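Hi,

Here's the structure I promised to pass on. Have a look at it first, then read my notes underneath.

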Amino acid sequence: MYSTVEKKSIPGYMMYINGGLAGMMGTCIVQPLDLVKTRMQISAATGEYKSSLDCLVKTFKREGILALYNGLSAGLMRQATYTTARMGFYQMENEAYRKHFNESPTVLASMGMGILAGAFGAMFGNPAEVALIRMMSDNRLPPAERRNYKNVGHAFARIVKDEGVPALWRGCMPTVGRAMVVNMVQLASYSQLKNAFSQYFSGLALHISAAMMSGLLTTIASMPLDMAKTRIQQQKSGEYKGTMDVLFKVSKNEGVTALWKGFTPYLCRIGPHTVFAFIFLEQLTKAYNRFVLGDYSESNI
């Protein structure tokens, strides 16, 4: 007669911690690409930069190599809030689904869980998003118009003092909309692509191939919303009334292709960040299972 031992599961709070740590580790690697993407989106109307490489070179020449990491503190804060919330929430949804239905989530279920996780994370992380956008674009403004935030804490304090607490959630709706699309595509496609590619690849090669394809799909789907979010959060004069207003005005004044301005650095950021974030998350989860729970089986993320 065999005794059944219930498999230990990772605590909910560790899912949030591991998700945030994985996102922060990935951000440290891809921060320069995020800066290039943001500056190209903001300067699309002026044509200041001819390409992603041109933006990278000009930033390096004018401001030095450290300028490529402008806004890193805000980027890390964004991961500590947004990614912690979305990845932790998604993992808890995933585990609850497996326990309830005793099977892996379907494509539609994964997409639905991704939408909920994205919305939850975006609302929680919007203040850091506002600070990040402003800090990365500050050096390209005329000296008299620069905000000169020293770090993310200083940015929060100045924004609340000068513009009020609601300003921390400026652009919240497009941020939530973008996050819902990103997480619906990214989180759902990654797990499905891993299953599809598993017959051709394994290990690290499997994670990279699935994450890069997921990153491409995510970039195409979310780029217009990301551009709208960036412009709303950066504006000072109230030029845009909302997401649809941004999309309409940009399409009319700059052409439809401007909605995907900065596509290359955005793809280069989303792809590697997706790869690093998921690899780090899987390794952190595996390490906790192995060294804390004594479980040597592969984790399902």
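**What I found**

For 301 residues, a compact globule would have a radius of gyration near 19 Å, and the protein agrees with that at 20 Å (taken over C-alpha atoms; the globule rule is 2.2 Å times the number of residues to the power 0.38). Along the principal axes, the C-alpha atoms fill a box of roughly 80 × 40 × 35 Å.

Keep in mind that this is a predicted model, where local features need pLDDT of at least 70 and side-chain atom pairs count only at pLDDT 80 or more, while totals for chains, interfaces and linings use all residues. Residues are numbered from 1 along each chain as its sequence is written, and side-chain values use heavy atoms, with hydrogens and water left out.

The pLDDT (the predictor's confidence in each residue, from 0 to 100) averages 86, and 95% of the residues score at least 70. Residues 1-5 stay under 50, and the model gives them 0 contacts (heavy atoms within 4.5 Å) beyond four places in sequence.

The protein has 9 helices and 0 strands (DSSP runs numbered from the N terminus: H or I of at least four residues for helices, E of at least two for strands).

Now find helix α1, residues 12-42. A straight helix of 31 residues would span 45 Å at 1.5 Å a residue (times one less than the number of residues), but α1 spans only 39 Å between its end C-alpha atoms. There's also a kink of about 65° at Val30, shortly before Pro32 (the angle between axes fitted to the seven residues ending there and the seven starting there).

Cheers
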